[in-house]
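Good morning, colleagues. I should like to take you through one structure, element by element, and then turn to its charged side chains.

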Amino acid sequence: MIRVAVAGASGYMGAELLRLLLAHPRVSVGAVTSERLQGQRLDAVYPHLRGLTELALQELEPERLADGADLVFLALPHLESQRVVPVLRARGVQEERAAAHGGVGARRGRARRPVLQRRRPARAGDDGAEAVYGLPELHRKAIAGAALVASPGCYAAGAILATAPLLKSGVGRSEGIVVDGKSGVTGAGAQGRTADPIYLYSEANENIQAYGLAGHRHTPEIEQELSLLAGQPVRVAFTPHLIPVNRGLLTTASVPLARSVTTGDLRQLYAEFYAGEPFVRLAREGEGSPTTRRVAGSNFCDLTVVADPRTRRAVCVSAIDNLGKGGSANGVQLLNVLFGWDERTGLAAPPVYP
């Protein structure tokens with residue numbers, strides 16, 4: 001058993017993370033924090049956890065978290081983790097080179113004390129630049145030896161998994177890529193149970209709206225990872241949309257093709273690229289396009305890809321749960337990778353249906 005702490009446990013991402021961690025056979029949750037709700041019992045804030053925990057939400061004190069946990073999850077609002085990570089890493093940690101991104105890993109004696117950061121694109125000169133990008137399908141080896149892991153944003157996870165085989169193989173061109181993402185309200189900026197009017201029932205229900213036009217914060221990490229795969233700069237036109245569902249994220253990407261290929265060729269490419277990946281499922285021929293309902297409550301990413309010879313493009317579709325593979329469940333998968341456990345530990349339950 002290892003001890004973990006969750007900072008930002010009162011948001012949707014933190015709540016989903018706790019739902020998974022409290023059932024994980026090799027984890028003990030020792031501390032949960034919330035700046036807004038400190039002092040309240042966790043099962044009072046989230047009654048669905050009643051009978052599973054007696055923890056109370058406490059103030060976010062990085063030193064206390066570092067001393068009392070083997071691993072800290074940061075399910076904090078965008079950029080808030082920047083003030084916490086340096087304190088956690090300064091608690092007598094010895095630095096070693098990580099395997100990817102020129103990053104710096106950190107260990108304390110023989111006990112690995114990694115930090116799972118919510119989502120942070122690497123930038124030179126800050127702690128984000130020292131983090132390994134936390135998508136196991138691309139960086140499994142680097143993650144296994146890391147101490148600071150930046151878990152992808154939900155839109156980024158959906159877009160990268162949908163297009164990675166094309167960029168890595170050179171079958172897809174690096175320019176002219178268009179990505180459309182549609183997310184439920186728990187992933188479209190509302191992870192902290194915000195009261196922003198666009199997330200109110202009367203505003204979101206029976207309504208679809210685009211937002212973050214030509215400047216969404218997940219665009220840099222999509223481009224970062226696709227550029228690494230392609231071996232050259234990649235630019236994408238990305239537009240996110242808010243849709244009236246609680247959870248789920250559907251991504252449709254249109255990628256120009258470098259040469260003439262068939263749908264069968266593309267399916268073979270994807271099958272080989274994701275062979276052995278426990279949470280990536282390529283739709284069978286004739287099965288239809290992935291849907292968010294089929295992955296709800298899980299860490300699965302369902303994929304399909306079709307060649308469009310008329311436009312010389314590949315149409316790629318991915319479906320994930322924005323709180324699952326797009327957030328907390330992926331974080332648990334990262335935990336398993338870090339400690340050398342079977343990646344399905346704590347994540348073996350099938351998606352919720354209906």
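Let me begin with strand 2, residues 27-33. Five of its seven residues are buried, so the strand is largely enclosed by the rest of the structure. Please bear in mind throughout that this is a predicted model.

What surrounds this strand in the way of pairing? Strand 1, residues 2-7, pairs with strand 2 in the parallel sense, over six bridges. Within that pairing, Ala-7 stands opposite Thr-33 of strand 2. Strand 2 also runs parallel to strand 3, residues 57-58, and two bridges join them. Here Val-32 has Leu-57 of strand 3 as its bridge partner. Helix 1, residues 12-21, completes a right-handed β-α-β unit together with strand 1 and strand 2.

I turn next to helix 4, residues 81-89. Which of its residues are buried? They are Ser-81, Val-84, Val-85, Leu-88 and Arg-89. These residues cover an arc of only 120 degrees around the axis, which puts them on the same side of helix 4.

The second sheet I wish to show is an open one, formed by seven strands in the order 12-13-11-14-17-16-15, with mixed pairing. Its edges are strand 12, at 209-210, and strand 15, each of which pairs on one side only. Inside the sheet, strand 11, residues 177-183, pairs with strand 13, residues 236-242, in the parallel sense over seven bridges. Lys-182 has His-241 of strand 13 opposite it.

That lysine brings me to the charged pairs. How many salt bridges does a search of the whole structure find? The number is 15. I shall describe some of them.

The side chain of Lys-182 meets that of Asp-180 in a salt bridge, at 2.7 Å from N to O. Lys-182 counts as partly exposed, because its relative accessibility is 26%, and the buried category requires a value under 20%.

Arg-281 and Asp-302 also form a salt bridge, their closest N and O atoms being 2.7 Å apart. This pair links distant parts of the chain: Arg-281 lies in strand 15, residues 280-282, and Asp-302 in strand 16, residues 301-308, with the two positions 21 residues apart in the numbering. Arg-281 is partly exposed, with a relative accessible area of 30%. Asp-302, at 8% relative accessibility, counts as buried. In addition, Glu-16, Arg-19, Arg-247 and Asp-321 are joined into one network by salt bridges that share partners.

A further example is Glu-61, which forms a salt bridge with Arg-64; the closest N and O atoms are 3.5 Å apart. Glu-61 counts as partly exposed, at 34% relative accessibility.

Finally, I would draw your attention to Glu-343, which is placed in the segment after helix 10, 328-338. Is this residue buried or exposed? Its relative accessibility is 14%, so Glu-343 counts as buried. Its side chain makes a polar contact of 2.6 Å with the side chain of Arg-140. Apart from neighbours within four places in sequence, Glu-343 is in contact with Pro-136, Arg-140, Pro-278, Phe-279, Gln-333, Asn-336 and Val-337.

Thank you for your attention; I would welcome discussion.

Key: Residues are numbered from 1 along each chain as its sequence is written. This is a predicted model: local features need pLDDT of at least 70, side-chain atom pairs count only at pLDDT 80 or more; totals for chains, interfaces and linings use all residues. Side-chain values use heavy atoms; hydrogens and water are left out. Buried means under 20% relative accessible area, exposed over 50%, partly exposed in between (1.4 Å probe, protein chains only). Helices (H or I, at least four residues) and strands (E, at least two) are DSSP runs, numbered from the N terminus. Two strands pair if DSSP finds at least two bridges between them. A crossover is right-handed if, with the strands pointing away from the viewer, the path from the first strand over the helix to the second runs clockwise. The arc is that of the directions from the helix axis to the C-beta atoms. A polar contact is a pair of N or O atoms within 3.5 Å; within protein, one must be able to donate a hydrogen and the other to accept it, and residues adjacent in sequence count only if both atoms are side-chain atoms. Contact means heavy atoms within 4.5 Å. A salt bridge is a side-chain nitrogen of Lys or Arg within 4 Å of a carboxyl oxygen of Asp or Glu.
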